[in-house]
Amino acid sequence: MPITVHLDVLLAQRKMKLQDLAEAVGITVQNLSILKTGKAKAIRFSTLESICHHLHCQPADLFSFEQGVCDVHP
Amino acid sequence: MKKIQKISRYLSWIFKSLLILLPITLILLPFIIHLPFMASICAVNQTYTPEGTLPLHSIPWTPLSKIIYVSGLFVEELPLYGALFILKALCRRYQQGEIFSLNNALAYQYLSYLFLVSSLITQPFGNLLRILGATLTNPPGHRYLTLSFGSLNLSALIGALLLMLLSWIMVEASRLKEEEQLTI
């Protein structure tokens, strides 16, 4: 997967647990875990907005793109 | 959901039984095909040839003609065996609660391919072998090697195409469902 999710890093930096963030954002721990482990296929803007709000971060802090590991076909 | 699981359990038993009974029937057939009691078994008591229907017990069978006839039945039933394996696996997944999954959609796709192979290849060739086996002991000029496509083949072909279309839709639906499940 070319998009890497840095949710675990941000949670560690803010000293926040996954369950607490899930409760604050309003989604299940399982869904948030899917995002954390990079298995998610898509994220809603509303969810992204809520995560950024509760983690006090920018969307760019959450995701990074790796060049050369691309499985998206034009 | 419970109804699907219950029905799948019964169907699974039926498919397992057929997977055992059908090969046994084929193996026994060469030994009983010439017996008079075969006349009372409506499904297999006669075969259709260009000269009309022939009761199986009245044909002067030889070992070679029996082998050819039973080979024809075996060839015709090959897609059925494949379908029974697929249906057994499908019922097992339904029992485990896996209803709308990519594996199930692909199973229906494989079933449609088997239907297609059956209608276009195995039914005509199986029929060819059965007619040859049934008429092999006839006098010269009355032995037949026929390849035919009839309304039965057409029905199976249309069934295969419909099942293929439905399976494509199911595959796409399961992919959309997976994407929706993995959307946070």
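## Exercises on a two-chain model

B:Ser8 touches B:Cys91, B:Tyr94 and B:Gln95, leaving aside residues up to four places away in sequence. Keep in mind throughout that this is a predicted model.

### Exercise 1: Placing B:Ser8

Task: Work out which element holds B:Ser8 and whether the residue is buried or exposed.

Solution. Start with the element: B:Ser8 belongs to helix H1 of chain B, which covers residues 2-32. Next, take the accessibility. The relative value for B:Ser8 is 4%. The cut-off for buried is under 20% relative accessible area, so B:Ser8 counts as buried at 4%. Finally, add the neighbours: B:Cys91, B:Tyr94 and B:Gln95 are in contact with B:Ser8, again not counting residues up to four places away in sequence.

### Exercise 2: Two loop residues in chain A

Task: Find where A:Lys15 and A:His56 sit, then say what stands out about phi in each of them.

Solution. Take A:Lys15 to begin with. Its place is the loop that links helix H1 (7-14) to helix H2 (18-25) of chain A. Phi there is positive, about 55 degrees, although A:Lys15 is not a glycine. With 75% relative accessibility, A:Lys15 counts as exposed.

Now go to A:His56. This one is in the loop between helix H4 (45-55) and helix H5 (59-62) of chain A. Phi of A:His56 is near 50 degrees, again a positive value in a residue other than glycine. Its relative accessible area is 67%. Exposed means over 50%, so A:His56 is exposed at 67%.

### Exercise 3: Is chain A as compact as a globule, or not?

Task: Describe the fold of chain A in terms of its elements, then decide how its radius of gyration compares with the globule rule.

Solution. Count the elements: chain A has five helices and two strands. Along the sequence they follow the pattern β-α-α-α-α-α-β. The radius of gyration is 12 Å, close to the 11 Å from the globule rule for 74 residues, so chain A is as compact as a globular protein of that length.

A few more values fill in the picture. The C-alpha trace of chain A spans about 35 × 20 × 20 Å along its principal axes. Of its 74 residues, 28% are buried. Among contacts in chain A with a separation of 6 or more, 62% join residues 24 or more positions apart. For charge, chain A carries 7 positive and 7 negative side chains, and the centres of these two sets are 5 Å apart.

### Exercise 4: The same check on chain B

Task: Lay out the elements of chain B and set its radius of gyration against that of a compact globule.

Solution. Chain B has four helices and two strands. From the N terminus on, they come in the order α-β-β-α-α-α. Then look at the radius of gyration: a compact globule of 184 residues would be near 16 Å, but chain B has 21 Å. The box around its C-alpha atoms is roughly 75 × 30 × 20 Å along the principal axes.

Buried residues account for 36% of the 184 residues in chain B. The accessible surface comes to about 10,900 Å², and 72% of that belongs to carbon and sulfur atoms. As for charges, chain B has 13 positive and 8 negative ones, with mean positions 12 Å apart.

### Exercise 5: The surroundings of B:Arg143

Task: Locate B:Arg143 and list what it touches.

Solution. B:Arg143 lies in the loop between helix H3 (102-135) and helix H4 (151-181) of chain B. Its relative accessible area is 45%, and B:Arg143 is partly exposed. Its contacts are B:Thr135, B:Leu136 and B:Asn138, not counting residues up to four places away in sequence. One more pair to check: B:Arg143 and B:Thr49 are 94 residues apart in sequence, yet 9.6 Å apart in space, C-alpha to C-alpha.

### Exercise 6: Where the chains meet

Task: Say how much area is buried between chain B and chain A, and which three residues of chain B supply most of its share.

Solution. The size of an interface is often given as the accessible area lost when the parts come together. Here the area buried between the two chains is about 750 Å², with carbon and sulfur atoms giving 64%. On the chain B side, B:Leu182, B:Thr183 and B:Ile184 supply 83% of the area that chain B buries against chain A, more than any other three residues. To finish, count the residues involved: the contact takes six from chain B and 11 from chain A.

Notes
Residues numbered from 1 in each chain as written. Chains lettered and ligands numbered in written order. Predicted model: local features only at pLDDT ≥ 70, side-chain atom pairs only at ≥ 80, totals over all residues. Heavy atoms only, no water. Rg over C-alpha atoms; globule rule 2.2 N^0.38 Å. Buried < 20%, exposed > 50% of the residue type's maximum accessible area, 1.4 Å probe, protein only. Contact = heavy atoms within 4.5 Å. Lys, Arg positive; Asp, Glu negative; His and termini not counted. Charge placed at Lys NZ, Arg CZ, Asp CG, Glu CD. Buried area = accessible area lost by both parts, 1.4 Å probe. Areas by Shrake-Rupley, 256 points an atom, 1.4 Å probe, with all protein chains shown as cover.
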